[in-house]
Amino acid sequence: MKTVALKEASSILPKYWPLTMFVHHNPLHELESLHFKQALKIAKDLFDAKVYMDPSYYVDLYRKGKVRKDSLEKNIEEFLRENNFNFNKYKVRKFLTDISPSWKEYKEESFNNPSIKVPDYLLEYIKKDKGYDNLDNLFYTYIKKYLFSEILDILFDQNIYNVFFNDAVEFISRFLDEGQTSITLPFREQGYWNCFRQFYKLDKHPEDIIEEFENTFQPPSLQDYARQLYIRFFGWSSFIKFRESTPFYPYQEEFPINLEDFGSSLLYLENQYIQELNKSKIKNYFDLMAFYKENKYYVILKLFEHRKILTPKYISKLYTSKDYDNIFNKFINEEIESEAKAIVNLSTKVFDKSDYLQTYNLVKTLKEDEECYLWIKSLEDSYALNFGREFIKEYQIDEKPKAFAVFCVDVRSEALRRNLERVDNYKTFGVAGFFGVKMALIEFDKAHELLLCPAMEIPDKVVLEVPTQKTQDYEKRKNLLISLKKILEGLKNNPYTPFFAVESFGWLFGYKLFGKTLFPSVVAKIDKKIKPKPPKTFYMIDKLSEKEVDTYTDKFFYEKIYQAFEKEGIKIKDCEVKDILSKLKNNENISQNYQKVLNRYRITKQYYDYIYNRFSNIGYTLDEQVILAENFLRLIGMVEDFPEFVLLVGHGSVSDNNPYESALDCGACGGNSGYHNVRAMCMILNKKEVREKLSIRIPDGTIFIPGLHNTTTDEIEFYDEDLVPENSLDKWEEIKKDFKKAGEKTRIERLSSLPYADNPEDVIVRSIDWSEMRPEWGLSKNLGVFVGKSESRINSVLKNRFFLHSYDYKIDVDNSILKRILNGPLLIAQWINAEHYFSTVDNEKFGSGSKVYHNVVSRIGVFSGNYSDLKIGLPYQTVYVEDRPFHEPIRLIAFVEAPLEKVVEAASQTDHPMMLVKNEWIRLVVIDKEKNKVFLFSNGNFVEL
C-alpha cells in the first residue's frame, strides 16, 4: 500500500499534547535510540535547525567559571585521541576560547592580509572537501531538503508554498477545533478523510492521491518527500500523532484522524496549488533535472541565497548580472581563499605547525558540531564534579523534626524546602507530584474526567468529588458567570457586534482593560469576591459495590435515552425508556424507529459496557488503598519517627491571559494542579482501617494535612484543617507561620532572577497581571535530578535547578523502589529537560517563538500570527530574557545516592531509562557513600570523579 511510505515517514514525529493538558516532551523523542551526539547531527540536517548554542555562549560560561578548565582540557585530550589529531591540548583550548567564537571575523582579517601566502594544494583540497568541484552532488543534497513547491518558489520567485501552507493550516485547524469557533466544519464526524474529500469535492481514496502525486511529480523518494512534508507541519502532525495514539481522547472518538490521511491531503493540496499557480515550465522532478543541467550556476546560486550562504555583495550581483558562472566562481574562490588564509594563519601563529591539511581537518571537525559537543560535555562534567563533591558529604541531624513536609520533585520546590528547613527543624521529602495516586477525577461541578497522572500512563481508577454542603448559592453565581461568558462569546462571532458592543458593554471591557492593566491587585480582589466559593467536598475513594455500579449505570443511561428522544421531539413514557434500556443491556432487538434515535446519539451496547466499566473502576478497595499508602511511604523513605503533622504539599500556578498556564502546573498530574492528588492520599493515610493493615506503624496522633504551593507567588494554602484536634491548634498555627516565612524568603530569593521585579509584592502582582509574559520562570534553568536523602543536600543552595526525589537505598532491598523512580520521575524530568534544551538552542524550530505574536488556535495550541505551524515547544520568554538565554541548555544530570553496584543492577533492569543513560541523553552520577566515591557514566563506563 502507498500509505506505508507515509507511515514510515511519520516515524520521526514526537507526540504533542494539547495546551489544556500541556506535557513537556522531547521533540527528538523518536531519535533517543541513538547516541545524543548522533541524534543531534541527524536532527540538524533533517530539520535545518540549530542543535547547540553558538560557541561564544559556552566561552562566556567558561570565563564566568562555570566550565572548569580541567574538565575542558580532559575532554579536549579525549577528542584529539579519538580523532588521531596530533595537537597540543592547551593550544586547542586557546583556539576554542579565543579564536573560534569569532571565526568569521578571523577569516575576514586573514583574507585581507596580503602577507599570508596559501599553497595551491590547500586551495584544491578545500574546494574538493566543500563539494564546490562537484555541483551535481551539491544540487542533489539541497533539493532533498525542500518540497517541490518550495523549489519552484526559490528558483522563480513565486509564492506557491505559502498559499498551499496557509490553506492546509486553515483546514486542519478547523477540523481539529475543540470549541474555539462557533462555525463548525461540516462532515467532521465522518472522520478526517471523508470530511476533506467532501469539502474539496473529491471521489478518491488516500492511495489514489499518493499515486497521482508520484506519477505527476516523480519524486526521487516518496518516503523522504513525505517526511519533509510532515516536518513543514511538524506541530500539527505531532498533535495528530497524539490524537491517533490516544483513542479514548474525546475529540478523537468523535472526529477521528490519522497521519496517513493528513499526509495524503497535504500531497493533494500541494499538487493542486502547483497546477494552479506555477508560472514556470517545470512540472516535475524530471523537468527540474533538465533545467538544472542547462542552468547549473543559476540554480546553485539561488539555493545558496535561500540557505543564507551567499554574501550580500554576491546577492546583488545575482540580480544585476546574468553571468552566473562568473559570479559563482568568484564567490567560491573568495570563500576558499579566506578559509585557506585563516588556516595558514592559525597553523603558524597558534599551533606552530606547517601541516595545513591537518589544521584544516581539525577546524572542520570542530566546526561540524564537535566543538559545541565538547563544550556542553565539559559544562556537564563540571557540574557533575562540583555537585558530586557536595552530595558526598555526610550531615547528621539529631533533633526531632517539628513536622514532615512532602513536596513535588519539581525544581520550584527546592528553594521553598530549603528555606523551610532553615526557618525551623523541618524534614522535607520529594516525590512525583501525583503523590502515588493515579486517578481520573470527576469534580462535583464538572462532567469530564481530569487525568491526574503522568501523560505516559492511563489511570484505571475513577474518583468522584462529592459536596458536603449545599451548593445552590455556588451554582447561581457560577451560572451567572457562564451566562455572561456565553453572551460575550456570542457577540464575538456576530458580524453586528462592532456597532453596539461598545455602547452596551464598553463599561465592562473598560473595567477589565484599564483595571487589570493599571490596578491588577485591586481587580483581583474584586474578582475574588465575585467568583463563587466552592462548597466543602470529599472524595469517593472507596470502591462501589456491584449493586451500586448497576444502579448508577442504569440511571446514567435512563437519562441519556430520555434526553435523546426529548431532543428529537419524541414523547416517550417511563416504561418505554426502561424497556429500551433493558433491551440495550441484553443486546436484544429494538424497534427500527427507536434504534435510529439511539444510533444518532451513539447510545450503544458497547457504550453501555464502557460506562459500566468506568463505574466499576470508581474508588479503591481497602487492600488497594493499603498498597497505595505503603508504596508511597516506602518510595520516599518515610517509614519511622512520624511527628504529629505530616504535610503533603502539591503545587499549581496562577497566571492571567496565559495559554501556557497548564505548562506551569504539575507535569506528573497531566498538566493539572496537584491539589486533588494530595487530598486523596491524605484521606487514605488518615483512615484507621488503612493504618491497621500497613507494615509501617503510623502513630494514632499523626495527621496528614494536604496543602498547595502556588509556584507563581510561593504562597502555601492548606486544606481540610478541621482534621487538626483542638489541643494542637496552637502548634498548627505556628507551622503555618513557618510556611509563610519560608514563602516570603523564597519570593525575595526569586527577585534577583525575575526581570522588572523590585520587591516581593511584584512577584504576587505578576500572577494577576494579564500583560505579564513571564509570570514565573517555571522549570527554566533545570539542571539535574537528585535521588537520595534530604540530609545529603541540606547545606546546598541549589537555586531551583534540581528535581529532588527522596530515596533511602537501605530500605530498598530488591531495588524495586529505585526502578520505580528511574521508570517514572526520572523520565518525566528528562522530557522537561529536553524540551527546555531544544526550545533554547532553536526557539523558532523547536520552541514556540515570542508570545507577542501568539494566537490560540482550535483551543489545542498556539500559532504565530494568522497562520503558522502549530507551535510545540516553549515560548521565547520562558527561556530567554532580553535576548540572552536564561535557561542553560544541557542534558539532564541524574545524581543517585546509592552503592554503585545497586544503581547498575537497578538501571540494567529498566528499558527506556537504561537506553537514555547508555546513549547519554541523561548523564548519570552515582553518589556511593559506602565507598565515599563519586562516579560518572561516560563513554560506556563509570569513571571516578
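Helices here are DSSP runs of H or I with at least four residues, strands are runs of E with at least two, and both are numbered from the N terminus. That is all the naming needed to see, for instance, that α36 gives the most to the lining of the largest cavity, with five residues. Keep in mind throughout that this is a predicted model.

Start with the empty spaces. Rolling a probe the size of a water molecule over the atoms shows where empty space is left. In this structure there are six cavities of 30 Å³ or more. The largest one has a volume of about 180 Å³. Its lining takes in 24 residues, and those nearest the centre are V409, D410, F803, I828 and I832. Two elements, β11 (802-806) and α36 (825-841), each give two or more residues to that lining. What kinds of residue line the largest cavity? Sorted by class, 15 are nonpolar, six are polar and three are charged.

Next comes the second largest cavity, which holds about 140 Å³ of space. It is lined by 18 residues, and Y660, L664, E776, K851 and T878 are the ones closest to its centre. Here the lining splits into nine nonpolar, six polar and three charged residues.

Now for the sheets. One open sheet is built from five strands, which line up as β2-β1-β7-β8-β9 with mixed pairing. At the edges sit β2 (426-431) and β9 (715-718), each of which pairs on one side only. Going from one strand to the next, the twist averages 25 degrees. Helix α22 (residues 413-423) packs on this sheet, where it touches β1 (403-408), β2, β8 and β9. The direction of α22 makes about 165 degrees with that of β2. Within the sheet, β7 (residues 645-652) and β8 (residues 703-710) pair in the parallel sense, with eight bridges between them. To pick out a bridge by its residues, look at V649, whose partner in β8 is G707.

A further open sheet has four strands in the order β4-β3-β5-β6, again with mixed pairing. Its edge strands are β4 (450-452) and β6 (537-540), and each of these pairs on one side only. The twist in this sheet averages 30 degrees from one strand to the next. Strand β5 (residues 462-467) runs antiparallel to β6, and four bridges join the two. Across from L464 stands M540 in β6. This sheet has a helix packed on it too: α31 (residues 675-685) touches β3 (439-442), β4, β5 and β6. Compared with β6, the direction of α31 is turned by about 70 degrees.

Further along the chain, β18 (residues 933-938) and β19 (residues 941-944) pair in the antiparallel sense over four bridges. F937 stands opposite F942 in β19. These two strands form a hairpin, and just two residues lie between them. In the turn, N939 has a positive phi of about 55 degrees.

Finally, a pair of helices. How do α20 (residues 324-349) and α21 (residues 356-391) pack against each other? They meet at an angle of about 105 degrees, and their axes are 9 Å apart. Angles of 65 to 115 degrees count as roughly perpendicular, so α20 is roughly perpendicular to α21. On the α20 side, the contact is made by E339, I343, V344, L346, S347 and T348. From α21 come Y356, T359, Y360 and V363. By class, the contact has six nonpolar, three polar and one charged residues.

Conventions. Residues numbered from 1 in each chain as written. Predicted model: local features only at pLDDT ≥ 70, side-chain atom pairs only at ≥ 80, totals over all residues. Heavy atoms only, no water. Pairing = 2+ DSSP bridges. Axes fitted to C-alpha atoms, helices over the stretch in contact; angles between N-to-C directions. Contact = heavy atoms within 4.5 Å. Parallel < 35°, antiparallel > 145°, perpendicular 65-115°, else oblique. Nonpolar A, V, L, I, M, F, W, Y, C, P; charged D, E, K, R; others polar. 1 Å grid on protein atoms, 1.4 Å probe; cavity = no way out; pocket = protein on both sides within 12 Å on 5 of 7 lines; lining within 4 Å. Points joined across faces, edges and corners; volume = space filled by probe spheres on them.
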